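The exercises below concern one protein chain. Work each task on the displayed model before reading its solution.

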Amino acid sequence: MSKPSLARGTRDFGPEQMAKRTFIFDTIRRTFQRYGFLPLETPAFENLSVLMGKYGEEGDQLLFKILNSGDFSGKLTDHDWNEGYKALTGKISEKGLRYDLTVPFARYVVMNRGTLAMPFKRYQIQPVWRADRPQKGRYREFYQCDADVVGTESLLCEAEIVMLLHDILPALGINDFTVKINNRKILTGIADMIGAHGMEGPLCVAIDKLDKIGKEKVEEELIQRGFSGESISKLEPVFSLSNGNEPFEELKSWLSGSEIAMKGIEELETVWKLVKTLGLENARIQFDVTLARGLSYYTGAIFEVKANNVQIGSISGGGRYDNLTGTFGVPGISGVGISLGVDRIYDVMEELNLFPESQKTSTQVMISNFDEEAFLYGLTVLPKLRNAGINAEIYPDSVKLKKQLDYADRKNIPFVILIGSDEIQSGMLTLKDMKSGEQHKRNADDIIASLTAERS
């Protein structure tokens, strides 16, 4: 019999990891709610007609498609089999695992727009799937935490995303980070200025890889994508723009001939001002003209967050999409959102040792089990602990104390209540501190008071 194995790009999460992940989820969820976002869940899989064509050509390739149920190939002809895998896929698969949370959200908005109070603010914390090549920090199944606002074009939404990130990340202990911002309109203007009108899509896909593959390789990719040598030489300012205190001045001078680029610059300047008005001192925001984010649906501001001094890709990204719902027949609903990559945030926190000690344990106290009488007495103490909000358990079997203490040690349970015949008679229970080894006799109420104080 072969040993079981995990599918590549997926992971199990044991209790200790889940305690840490829950800490991340809870911190993010609390902050989303504080900003007025409402919870939403959508199905794990969608019709491919909903997903295809929303993420660009590369995104379509990374969709996990689900084979149709039953005899999926029964009606196929020899011609179908020989047509190539792309055409064949459409005939044997009608559904796919969701690639992100934004497109399903857009579908939800279109289907329920008559009942939603606009602007509609929602957050969503669910797994997504991508048929990507697994590597450090990149998985085929991973959780996203999204917050989006639809039904308003106000740039306050962009500024609030900056504020949201500056609340969430320090609450997780990540204080050294950079929120990089660009605007898709600026990239469209650049494509116009270099004589490649309408080619901002391939331009974005290529320059988005600048920090990964370098300038030379980006230029090679642009040639492969049909850009002329003249256009590429006109692109030179993109690679040399400074990110100083006045990041937009050089850009204004270079792109002054492009109305759409100037509109993009104006939008970003407004975001910078609103962030200041909202009182965010020392904002960790940086304009980055090479930031493109390869998704085809962004039309305005685009965001990417890097944790500094850690060799992990972006931990968050998002942007403004002015017509995502248009692909579902309802044009003109503008939205802006951010997505936090929990798996990468987890890796950053693990690498920098940022998880609080309290997240490494779930049980705070264990009651020992010496014999039948002690066991029954312990069962009267157990509910009192739990009713006081203390995570507690009793060892289920009457075995040697060493085995029980080893169990508590392996589970990182910080306290054990020892109950023997003396304790039953006097009502004074022995509380053992597993870290220091110290033991104190106390009644149940005092133990509850001290453990409650310990927890807070």
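**Exercise 1. Classify how α8 and α9 are oriented to each other, and describe their contact.**

Solution. The model is a predicted one.

Step 1. Two packed helices are described by the angle between their axes and the distance between the axes. For α8 (residues 184–193) and α9 (residues 200–207), the angle is about 110 degrees and the axes are 9 Å apart.

Step 2. Angles of 65 to 115 degrees count as roughly perpendicular. Helices α8 and α9 are therefore roughly perpendicular to each other.

Step 3. The crossing in which α8 passes α9 is right-handed. On the α8 side the contact is made by R184, L187, T188, I190 and A191, and on the α9 side by E200, L203, C204 and I207.

Step 4. Sorted by class, the contact of α8 with α9 has six nonpolar residues, two charged ones and one polar one.

**Exercise 2. Give the strand order of the open sheet that contains β2, β3 and β4, and identify the edge strands.**

Solution.

Step 1. Strands of a sheet pair through backbone hydrogen bonds, either parallel or antiparallel. Here three strands are arranged as β2-β4-β3, with antiparallel pairing.

Step 2. Strands β2 (45–47) and β3 (65–67) each pair on one side only, which makes them the edge strands. From one strand to the next, the twist averages 40 degrees.

Step 3. The pairing of β3 with β4 (residues 93–97) is antiparallel and runs over three bridges. In this register, K65 stands opposite G96 of β4.

**Exercise 3. Decide whether helix α6 is mostly covered or mostly open, and find what its buried residues pack against.**

Solution.

Step 1. A residue is buried when its relative accessible area is under 20%. In α6 (residues 102–112), eight of the 11 residues are buried, and the helix is mostly covered.

Step 2. The buried residues are T102, V103, P104, F105, A106, R107, V109 and V110.

Step 3. These buried residues pack against the helix α2 (48–51) and against the strands β2, β5 (120–129), β6 (141–150) and β10 (316–321).

**Exercise 4. Place these elements in the context of the whole chain.**

Solution.

Step 1. The chain has 19 helices and 16 strands. Its C-alpha atoms fill a box of roughly 90 × 65 × 50 Å along the principal axes.

Step 2. Of its 456 residues, 47% count as buried.

Step 3. Among contacts with a separation of 6 or more, 68% join residues 24 or more positions apart.

How values were computed:
Residues numbered from 1 in each chain as written. Predicted model: local features only at pLDDT ≥ 70, side-chain atom pairs only at ≥ 80, totals over all residues. Heavy atoms only, no water. Axes fitted to C-alpha atoms, helices over the stretch in contact; angles between N-to-C directions. Helix = DSSP H or I, 4+ residues; strand = E, 2+ residues; numbered from the N terminus. Parallel < 35°, antiparallel > 145°, perpendicular 65-115°, else oblique. Left-handed = near helix turned anticlockwise from the far one by under 90°. Contact = heavy atoms within 4.5 Å. Nonpolar A, V, L, I, M, F, W, Y, C, P; charged D, E, K, R; others polar. Pairing = 2+ DSSP bridges. Buried < 20%, exposed > 50% of the residue type's maximum accessible area, 1.4 Å probe, protein only.
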